Amino acid sequence: GGQAMIKAGVMLLALHLAGAFSFREQGPAALFPYPTAAWDDTFFAALHNPSYLPGAPGPLLYSAYSRPYGLDDLHAGTFALLIPAGQAAALASWHRFGIPEYTEETFRMDAGVRACPWFAFGAGASLHRLSINAGGIDDDYSFSEWRASALVTPVDGISFSFLQENLVALASDRESTLRYPSWSAGITFSPARGIFLSWNYNRELEGHINTASLTAHLFRFLSVRAGYSRETSSMAAAMNVLCGNVGASYALRYHRYLGCTHTVAATLSMEALSFAPAR
């Protein structure tokens, strides 16, 4: 109907103006829908950064779902399987975002290695698929990309990380609009056990983004997180609850102009899950 056509038109306009995949669902713990490099020791926050994969507690299944900005028929979801092996780990994941008339799907394979106690690195590949079916247009477009990251912990309580996406686009200006070589650099500081302050700087097609966040592990089974992103006019808060081998997360994201996004996630681990509480 007419409403569906309007929604599809808005999505297509946003695609051409801001580049594809500018909304990348990261799950509740990550707070915002774009990847940031540096996070605390809560594994669920850093699924998008391959360097953090070796810190996983064990093999696990992870799924997340959200309604971006509360818009009708607009959905985003993630499903991931992680398998660690000693000082390395591999992650396979699927992500979806869109409305019936326009969808974006991403299939990812990532791997990370902890080379020594103070240095880890990772890399990954993605296959993206755009599907448009509106107003007589029925078309699919697929492309692949690569990413790489590094994590450095020079002293206990301080870590630096860098994440580079769309490596192919670094050498191809022709594809920079659709596959902009975005990157993120950040630092995490822990003034006390269970308390973490993080700052990340992102360079995206639309410009730069500064993101600040605070994490507090209140109990072995409960962690809370809050963050603010000035350039995107966004605030977010998340809660993570653990019970044995199962974890559940919820986040509320607020955008000054677009409204609220509710996100939920569930984790099933082969190993017992717990936080190191603040003290």
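**Two loops and a nonpolar patch**

Select Tyr69 to begin: this residue is partly exposed, with a relative accessible area of 24%. The model is predicted, and what follows describes that model. Tyr69 sits in the loop that joins strand E1 (60-67) to strand E2 (75-85). Check its backbone next: Tyr69 is not a glycine, yet its phi is positive, at about 60°.

Now move to a second loop, the one between strand E7 (158-164) and strand E8 (183-192), and select Asn166 there. Asn166 also has a positive phi without being a glycine, with a value near 50°. Is Asn166 buried or exposed? Its relative accessibility is 10%; because buried means under 20%, Asn166 counts as buried. Tyr69, at 24%, is partly exposed.

For the last stop, show the surface and select Leu61, Phe79, Leu81, Ile83, Val246 and Leu268 together. These residues make a nonpolar surface patch of about 520 Å². Which strand gives the largest share of the patch? That strand is E2, which contributes three residues. E2 (75-85) also borders the loop that holds Tyr69, so the view can be turned from the first stop to this one along that strand.

Finish on one member of the patch, Leu268. Leu268 lies in strand E14 (residues 259-269). Its relative accessibility is 48%, and it counts as partly exposed, since the exposed class starts over 50%.

Note on methods
Residues numbered from 1 in each chain as written. Predicted model: local features only at pLDDT ≥ 70, side-chain atom pairs only at ≥ 80, totals over all residues. Heavy atoms only, no water. Helix = DSSP H or I, 4+ residues; strand = E, 2+ residues; numbered from the N terminus. Buried < 20%, exposed > 50% of the residue type's maximum accessible area, 1.4 Å probe, protein only. Patch = residues over 30% accessible without salt bridge, like charges linked within 9 Å, V, L, I, M, F, W, Y side chains within 5 Å. Areas by Shrake-Rupley, 256 points an atom, 1.4 Å probe, with all protein chains shown as cover. Salt bridge = Lys/Arg side-chain N within 4 Å of Asp/Glu carboxyl O.
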